[in-house]
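Trainee: Can we go through this one together? I'd like to know where the labels come from.

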Amino acid sequence: MATAIWKGYVRLLEKFPLRTMSVTTDLNFHYQVLLMATGDCISQTVIERKSLKEYEGIRIGRFCVFGFCVFGPAMRGLYLVLDRLYAGKKLAALKMMAVDQVS
């Protein structure tokens with residue numbers, strides 16, 4: 001049964017990679033959504049100096065959707081590429097961190 005589930009997941013991943021990654025996310029993506037929403041709240045409070053009554057909830061929602069559907073999968077893709085490039089190499093974690101911080 002587990003093999004059949006895995007094969008089905010792989011089939012969906014091959015056919016619909018972005019959708020599948022967006023739906024079958026780990027907590028990392030949920031943190032990305034929270035981070036995007038928090039960033040927009042900070043922007044509305046500190047930069048735009050809005051009060052809580054003036055917050056644009058729709059805008060915060062857009063940032064959440066962007067974090068979940070675009071930014072999260074893009075970062076996952078970047079980390080998969082970094083893992084392929086540096087896995088098993090000397091100072092791999094340091095190199096991956098450097099590329100992540102520069103990109």
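Trainee: How many of the 103 residues count as buried, and what makes a residue buried?

Mentor: Of the 103 residues, 22% count as buried. Buried means under 20% relative accessible area, exposed means over 50%, and partly exposed is in between (1.4 Å probe, protein chains only). Keep in mind that this is a predicted model: local features need pLDDT of at least 70, side-chain atom pairs count only at pLDDT 80 or more, and totals for chains, interfaces and linings use all residues. Residues are numbered from 1 along each chain as its sequence is written, and side-chain values use heavy atoms, with hydrogens and water left out.

Trainee: Why is valine 46 called partly exposed?

Mentor: Its relative accessible area is 49%. Partly exposed lies between the 20% and 50% limits, so valine 46 gets that label.

Trainee: Where does valine 46 sit?

Mentor: In helix α3, residues 27-47. Helices are DSSP runs (H or I, at least four residues), strands are E runs of at least two, and both are numbered from the N terminus. The protein has 5 helices and 0 strands, so the order reads α-α-α-α-α from the N terminus on.

Trainee: What is the radius of gyration of the protein, set against a compact globule?

Mentor: The protein has 18 Å, whereas a compact globule of 103 residues would be near 13 Å. The radius is taken over C-alpha atoms, and the globule rule is 2.2 Å times the number of residues to the power 0.38. Those C-alpha atoms fill a box of roughly 50 × 40 × 20 Å along the principal axes.
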